[in-house]
Amino acid sequence: MHLEFRHLRVLLTVAEAGSIRRAAARLQLSQPAMSAQLKRIEQELGGPLFVRSVDGVTPNENGQYVLRCARDLVVGFDRLREYARAAAEGDRQAATPLRAGGTAGPLMSLLVSSLFELVPERRLTIDARRSVHTLVKSLSLSKCDIAVFGEFPGFPLPVGESVATRTLLREPVFVLLAADHPLARQESVGLHELADEEWVMPEADESGVHAYLQLTCQSAGFTPRITHVTPDLSVAQILVAGGRAVCGVWPTAEVSVQGTVQRPLVDVPLHRRLLLAWNTGSVPPELADAACARLLAAYLSMVRQRPQYLAWWEAGGEDFALAGDG
């Protein structure tokens with residue numbers, strides 16, 4: 001016979017068990033088959049390796065040397081196999097794209113930039129959605145690995161059991177007014193002061209954006225008149241600049257049309273939770289933690305670049321934004 005690697009494990013099992021009978025049981029062999037195999041191994045290595053007795057077997061001097069060498073070889077082989085498997089797993093992960101998603105907006109850009117920095121070796125695919133419901137469904141079906149989106153109070157978005165979420169912060173809604181609107185002269189606007197205005201809004205969807213506005217305004221004593229519906233913020237800005245509507249706007253949004261101003265709403269009646277969500281089967285906890293930290297730091301940097309938002313933030317808004325869920 002030719003000595004093979006599996007034969008070294010047989011020798012080690014016999015030495016650890018202390019008897020051929022117990023070794024046979026561990027290896028799921030019959031005792032005669034175990035005895036015959038051990039005899040063939042000893043013959044291949046030049047002679048007996050164990051002293052047999054009624055109490056079992058013990059390695060002789062030659063056997064002790066062979067067993068030391070066998071242990072070194074087995075340990076080295078196991079390390080080689082573990083290293084090779086780990087390297088293959090690393091290559092597999094590097095080759096598998098990390099699928100990042102989000103609703104259109106600056107937070108999606110921040111997530112992409114953060115992931116480029118955190119996992120530069122991974123290929124990244126982007127799936128920016130207009131519908132947050134479609135995005136959440138993609139997460140739940142494991143078609144997306146990590147995503148950012150907003151959720152309105154009272155309108156939770158259902159995520160699957162395999163999806164974990166973390167609140168980054170609470171983002172207020174500001175009101176966008178024409179620069180010559182009477183309320184534009186105020187530093188902040190009470191929601192009730194907008195009771196007679198026409199509103200321009202994005203289309204209604206499963207996020208509950210229209211219902212949330214209506215319920216909140218009704219709590220302030222009026223029902224908002226949603227006269228205009230458009231998914232395009234630039235169109236909404238033109239309507240606002242022309243004095244034809246007011247618009248809720250995120251303070252991080254890029255407002256490019258002249259003739260408009262942003263004003264915070266008193267007591268933050270309208271806001272959303274900004275969430276990071278990830279599929280626990282494809283995103284390790286340490287990557288999710290690092291992405292949360294990077295996202296929050298990048299968001300705070302963006303706050304400092306928007307004077308109106310920064311003024312609100314420094315006037316006590318930071319406590320509201322970072323207070324957690326709500």
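## Charge over aromatic rings

In this predicted model, the charged end of Arg-170 is placed over the ring of Phe-320, at 3.9 Å from the ring centre. Another arginine, Arg-272, lies over the face of Trp-250, with 3.7 Å to the centre of the ring.

## Aromatic cluster

Phe-320 also belongs to one aromatic cluster that it forms together with Phe-174, Tyr-299, Tyr-309, Trp-312 and Trp-313. Across the whole structure, a search finds ten aromatic pairs; one of them joins Phe-174 and Tyr-309 in an edge-to-face arrangement, with 5.9 Å from centre to centre and 85° between the planes. This pair links distant parts of the chain, since Phe-174 lies in strand S7 (residues 174-178) and Tyr-309 in helix H10 (residues 307-321), 135 residues apart. Both Phe-174 and Tyr-309 are buried.

## Salt bridges between distant segments

Twelve salt bridges are found in a search of the whole structure. Among them, Glu-171 pairs with Arg-272, their closest N and O atoms being 2.8 Å apart, and this contact connects strand S6 (residues 163-172) with strand S12 (residues 271-279) over 101 residues. Glu-171 counts as buried because its relative accessibility is 1%, and Arg-272 likewise counts as buried, at 17%.

Arg-294 and Glu-117 form a salt bridge in which the closest N and O atoms are 2.3 Å apart, bringing together helix H9 (residues 285-304) and helix H5 (residues 106-118) from positions 177 residues apart. Here Arg-294 is partly exposed at 33% relative accessibility, whereas Glu-117 is exposed, with a relative accessible area of 54%.

## A salt bridge within helix H4

The side chains of Arg-81 and Asp-78 meet in a salt bridge of 3.2 Å, N to O; because these residues are three apart in helix H4 (residues 61-95), about one helical turn separates them. Both residues are linked with Arg-9 in a network of salt bridges.

How values were computed
Residues numbered from 1 in each chain as written. Predicted model: local features only at pLDDT ≥ 70, side-chain atom pairs only at ≥ 80, totals over all residues. Heavy atoms only, no water. Phe/Tyr/Trp six-rings, centres within 6.5 Å; stacked < 30°, edge-to-face > 60°. Helix = DSSP H or I, 4+ residues; strand = E, 2+ residues; numbered from the N terminus. Buried < 20%, exposed > 50% of the residue type's maximum accessible area, 1.4 Å probe, protein only. Lys NZ or Arg CZ within 6 Å of the ring centre and 35° of its normal. Salt bridge = Lys/Arg side-chain N within 4 Å of Asp/Glu carboxyl O.
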